[in-house]
Each structure stands twice: as C-alpha cells, then as structure tokens.
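Colleague: Please take a close look at the largest pocket of this model. Then go on from there to the other pocket, the nonpolar packing and the aromatic rings.

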Amino acid sequence: MKQTTHPRDHLAAPVRNGAAITAPPPAPARARRRPTSSQWAAWGFLAPVTLYLALFYAYPLYRNLDLSLRDYTVRSFVQGNAPFTGIENYRTVLDDPTFAPALLHTALFTAVCLVFQYAIGLALAVFFSRHFRLSATLRALFLVPWLLPLIVSASTWSWMLNSDSGIVNAALHGLGIAPVNWLTSPSWSLTSVIIANIWIGVPFNLVVLYSGLQSIPASLYEAAALDGANAWQRFWRITFPLLRPVSAITLLLGLIYTLKVFDIIWIMTKGGPADSSTTFATWSYQLGFGNLLPAFGPGAAVGNLLVVAALVFGLIYLKVQRKQALS
C-alpha cells in the first residue's frame, strides 16, 4: 500500500544528537498595557507644571523670537502682518553705536556684582555659622533688603545718593570730602547702581551659603583642629571645597538674575547720563517701549542676546557638574 505524505512532512525537523529539536511555539501578541492609577496620578501632577511652562516660558520665548525676526510696527504688532526680515534686526543691533558700551556695562555690572555678593555673603555665612547670641536675629535683619520690593530699594538708594540732599554726600561732607554726583555723573552712575544691586543680592547669597555650611560635618573641623590647622586653613581646605556645589548654583542663579536686572538701573539712572549705565536689559526696554516710535524687532533681539548668554552659562554649569559627577 502506497503511503501518502503531507506537504508539511517535507519540512523535516533538525536533529541534534539523535533527538529531534522542535521549534518553540510562536509568542502570543503582546497586549497593550493600560495606564495604571499611579501613572494617571503622575500625569495629573505633571499637567499643571507643563501647562505653566508652556504658557509662561515657551510661548513668550517663541513670541520674542518672532518679534526679533520681523519688522514690527505699532500697526503690524496689533494686526499681526509684519514682514519677515530674518536676522536684519540683529544686524541693526550689532551696528548700533550703543551696542559696545551696553555690552561692556552689562559685563562689568554682572561680574562686579557677582564677586562682591558672593564674597560678602560667604563671609557673613561663615560668621553666622558660629551660632552666637542674637545670631538668628541678625540673620533675619540681613534678609530685609531681599524681602523689600525692588522699587522701594531703588527709590531708597536714589534718595541716599542724591547729590544735594543725600545722606551719603552729607556723610562725606562731615568727613571733609567733596560731594559726589553719584547719579548724574557719567563716571559714577554705573558704580552707584552696582552698589545698590550688591546690597540687594547679598542676603540671597547669605541664605544659600549658610544652608550649605550646615551640611558640612563638624567632625571634619574637629579633626583638622587636632592636626594643628588654623582658622584660615580649615576654611580653605574644608569649607571652601565642600561648598563648591552650593557655590556653583549660587553663582549661576546670581548670574541669571544680574543679567536681567532692570528695575534698579531704570529707577536710579534710567541708563544715563549719556548711556553711562545702560545695560542690555535697559537698552532692550528703551528700544521697545522708551520711544514714541518703538523698535520692537531690535528690542526683542537685544532681549534674545540676554537669553542666549544665560543659556550658555547654564550649559557650562551642567557640563562642569557632569564632569565632577564622573570624576
């Protein structure tokens, strides 16, 4: 009798050591996982933050970029039909004679404020870390400049540095020193706003650095004292190195804040006299809102330069932190 074969019989199973190896059964189709209640809760908590960032950060940045790439007038700003000009507004800003002085003033204002705010804040933080009597009360009093509205602080400094009736010139007169035109002299206007901004920024550095000092174990100082290290050696070999992460974030936040300082300069000097205290922040405002015929495009371009500068320093900070984490 002739034996018939099925077509599948021609596909012989492989043989290993005399035993046939059968192919594994096909895996069942993976079912889609439905979001669990915890995942829905996570999305619910993320939704307000995402909405906030989109409305108050992403959209304003997009609008500012759009302003800098178009030729906006008052009419086109309302109607929304401004012609696209590319980087023409940036060329206008770079060719403006105010650009170089504003860049120099911004760099000086930022650098000097950061150095003095950090140095004074660190010195005060080390001083208050000794926990003497009235330490908490004095720390609270040092927070007053930080808690006051900027318009109040700037107005107070304007009165104190007034050439005719200011208390600073009155004190100088009592010491036999000639009065100084703090706010009306091109030689002193930038110095005046730097002094005011340092006074306002010191409490922030004090609070952050003081909290960083509290995380350093006291046993390290005790061991160093037993080894014969004096106060300066303990600070330089223990305090300062262990404060580097806190110092880095303090300087970064101070840099971003100082780059965009507008209120103090505008209230005290309005960027003058003769643009002697003009920075990118005040120049951007002058271009966009300080004239009868506002230049929205160039003003937005100057603002974007500040955003790029802050972004560059932020990326540098992240890169340095990543290297320190890997080392």
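**The largest pocket and its surroundings**

Modeller: The largest pocket holds about 430 Å³ of space (a volume is what probe spheres set on the grid points fill). The model is predicted, with local features requiring pLDDT of at least 70 and side-chain atom pairs 80 or more, while totals for chains, interfaces and linings use all residues. Numbering runs from 1 along each chain as its sequence is written, and side-chain values use heavy atoms, without hydrogens or water.

A pocket here is an open set of points on a 1 Å grid where a 1.4 Å probe fits, with protein on both sides within 12 Å along at least five of seven lines; lining residues have an atom within 4 Å of a point. By that rule 13 residues line the largest pocket, and those nearest its centre are Val 126, Ser 129, Arg 130, Tyr 221 and Thr 239. Helices H9, H10 (218–226) and H11 each give two or more residues to this lining (helices are DSSP runs of H or I, at least four residues, numbered from the N terminus). H11 supplies the largest share, 5 residues. Among the 13, 7 are nonpolar, 4 polar and 2 charged.

The second largest pocket has a volume of about 350 Å³. Its lining comprises 15 residues, with Leu 61, Lys 260, Gly 303, Leu 306 and Val 307 nearest the centre. Two or more lining residues come from each of helices H1 (37–68), H12 (244–259), H14 (280–289) and H15 (296–326). H15 gives the most to this lining, 7 residues.

H9 and H11 return in the nonpolar packing. The largest nonpolar core (buried nonpolar residues joined through side-chain atoms within 4.5 Å) has 34 residues, and Phe 109 and Met 268 touch the most other members. H4 (99–128), H7 (150–160), H9 (189–214), H11 (231–242) and H13 (263–268) each give two or more residues to this core. H9 gives the most, 11 residues. Leaving out residues up to four places away in sequence, Met 268 touches Ala 154, Trp 157, Ser 158, Leu 161, Leu 183, Ser 192, Val 193 and Ala 196 (heavy atoms within 4.5 Å). Another core of 15 residues lies apart from the largest one, and its members include Val 93, Phe 99, Leu 114 and Phe 280.

Turning to the rings, there are 19 aromatic pairs (ring centres within 6.5 Å; planes under 30 degrees apart are stacked, over 60 edge-to-face, the rest tilted). One of them joins Trp 146 and Phe 204 edge-to-face, at 5.7 Å centre to centre and 65 degrees between the planes. Trp 146 is in helix H6 (residues 144–147) and Phe 204 in H9, so this pair links parts of the chain 58 residues apart. Trp 146 is partly exposed, because its relative accessibility is 41% (buried is under 20%, exposed over 50%, partly exposed in between).

Trp 157 and Trp 199 also form an edge-to-face pair, with 5.8 Å between centres and 70 degrees between planes. Because Trp 157 lies in H7 and Trp 199 in H9, this pair ties together parts 42 residues apart in sequence. The two partners sit at separate levels of burial: Trp 157 is buried at 11% relative accessibility, whereas Trp 199, at 34%, is partly exposed. Elsewhere, ring pairs join Phe 262, Trp 266, Tyr 285, Phe 289 and Phe 296 into a cluster.

Note on methods. Buried < 20%, exposed > 50% of the residue type's maximum accessible area, 1.4 Å probe, protein only. Phe/Tyr/Trp six-rings, centres within 6.5 Å; stacked < 30°, edge-to-face > 60°. Nonpolar A, V, L, I, M, F, W, Y, C, P; charged D, E, K, R; others polar.
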